[in-house]
Amino acid sequence: LARLENSEEAQARLDGTLLEVAAAQQALADLQRTAGLAHHQAWTERVRTDQALVQAQKAWDAIDTQATEDELEDARTAVADAQKELNTAKTDFEPYKDLPVDNAQRKDAQKPLDDAEQAYSDAVLKRDEIINARALAEANLALAKSQQAEALRRFERTDGAYPKMGDLIVVA
């Protein structure tokens with residue numbers, strides 16, 4: 001009879017290999033079992049990103065108009081005009097700035113300055129709101145396009161085919 005040396009070591013390696021084969025078979029079975037789920041999740045995400053892109057495009061189209069451009073130009077003009085008024089009010093206030101706060105002449109000169117500062121602040125705020133609304137709509141559109149492209153890549157990795165209506169019905 002022939003006797004193998006290190007038969008215990010060989011048996012341990014064989015047992016380890018068999019365990020690896022069993023784990024690989026289980027992983028394959030899990031992958032096959034969940035492939036449909038992954039596909040439908042990717043499909044759902046694809047549809048959601050398509051919908052988000054449509055909404056982002058509508059928002060961009062609503063704001064990317066000549067009317068918005070005209071409104072922004074008017075707002076920029078209002079800021080420039082308000083800046084001029086503020087500069088004038090500052091110049092007019094200059095001779096009274098060192099008088100006591102409760103002085104009547106200082107109070108009379110302070111009111112137009114305060115009003116000019118408020119008008120300038122309001123004009124800048126309005127201009128910035130228009131700019132920011134436009135920038136946000138543009139950024140949302142770019143984000144939606146990127147998300148849609150990524151969802152498409154994930155969907156195509158599952159197999160890229162849209163399920164048929166009958167494939168979506170599960171009978172228990």
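**View 1. A salt bridge inside one helix: D115 and K111.** Here the side chains of D115 and K111 come together in a salt bridge, with 3.0 Å from N to O. Why can these two pair up along one helix? Both sit in helix α3 and are 4 residues apart, so about one helical turn separates them. D115 is partly exposed, because its relative accessible area of 40% falls between the 20% and 50% cut-offs. Keep in mind, for this view and the ones that follow, that you're looking at a predicted model.

**View 2. The whole fold, for orientation.** Let's zoom out for a moment. The protein has 3 helices and 0 strands, and along the sequence the pattern reads α-α-α. Of its 172 residues, 17% count as buried. About 13000 Å² of the protein is exposed, and 55% of that comes from carbon and sulfur atoms. If you take the contacts with a separation of 6 or more, residues 24 or more positions apart make up 79% of them.

**View 3. How sure is the predictor?** The mean pLDDT of the protein is 87, and 87% of the residues reach 70 or more. Which helix gets the highest confidence, and which the lowest? Helix α2 comes out highest with a mean of 97, while α1 is lowest at 86. Be careful with residues 168-172, where the pLDDT is below 50. Beyond near neighbours in sequence, that stretch has 3 contacts in the model.

**View 4. Another pair on one helix: E9 and R13.** Now look at helix α1, which holds both E9 and R13, 4 residues apart, or about one turn of the helix. The two form a salt bridge, and their closest N and O atoms are 3.7 Å apart. Are they covered up or out in the open? E9 counts as partly exposed, with 45% relative accessibility. R13 has a relative accessible area of 53%, and because that is over 50%, R13 is exposed. This pair belongs to a structure that holds 9 salt bridges.

**View 5. A link across the sequence: D64 and R134.** In this close-up, D64 and R134 form a salt bridge, and the closest N and O atoms are 3.2 Å apart. D64 lies in the loop between α1 and α2 while R134 lies in helix α3, so the pair ties together parts that are 70 residues apart in sequence. How exposed are D64 and R134? D64 is partly exposed, with a relative accessible area of 36%. R134 is partly exposed too, at 22% relative accessibility. There's also a third partner to find here: D64, E69 and R134 are linked in a network of salt bridges.

**View 6. The largest nonpolar core.** Which residues make up the largest nonpolar core? There are 7 of them: L53, A56, W60, I63, A137, L141 and A144. The elements that give two or more residues to this core are α1 (7-63) and α3 (104-158), and α1 gives the most, with 4 residues. Try picking out W60 and tracing what it touches: leaving out residues up to four places away in sequence, these are R134, A137, E138 and L141. You've already met R134 as the salt-bridge partner of D64. There's also a second, separate core of 6 residues, with A89, F93, L113 and A116 among them.

**View 7. T68 and the end of α1.** T68 lies in helix α2, which covers residues 66-93. Is T68 buried or exposed? Its relative accessibility is 10%, and because that is under 20%, T68 counts as buried. The T68 side chain reaches the backbone oxygen of I63 at 2.8 Å. Apart from neighbours within four places in sequence, T68 is in contact with A62, I63 and I130. I63 should look familiar, as it is one of the residues in the largest nonpolar core.

**View 8. Y120 and its contacts.** Last stop: Y120, which is found in helix α3. With 25% relative accessibility, Y120 counts as partly exposed. What does Y120 contact, once neighbours within four places in sequence are set aside? The list is V79, A82, Q83 and L86. Look for A78 as well: Y120 and A78 are 42 residues apart in sequence, yet their C-alpha atoms are 8.2 Å apart in space.

Notes:
Residues are numbered from 1 along each chain as its sequence is written. This is a predicted model: local features need pLDDT of at least 70, side-chain atom pairs count only at pLDDT 80 or more; totals for chains, interfaces and linings use all residues. Side-chain values use heavy atoms; hydrogens and water are left out. Buried means under 20% relative accessible area, exposed over 50%, partly exposed in between (1.4 Å probe, protein chains only). A polar contact is a pair of N or O atoms within 3.5 Å; within protein, one must be able to donate a hydrogen and the other to accept it, and residues adjacent in sequence count only if both atoms are side-chain atoms. Contact means heavy atoms within 4.5 Å. A nonpolar core is a set of buried Ala, Val, Leu, Ile, Met, Phe, Trp, Tyr and Cys residues joined through side-chain atoms within 4.5 Å. Accessible areas come from the Shrake-Rupley method with a 1.4 Å probe; for residues, only the protein chains shown count as cover. pLDDT is the predictor's confidence in each residue, from 0 to 100. A salt bridge is a side-chain nitrogen of Lys or Arg within 4 Å of a carboxyl oxygen of Asp or Glu.
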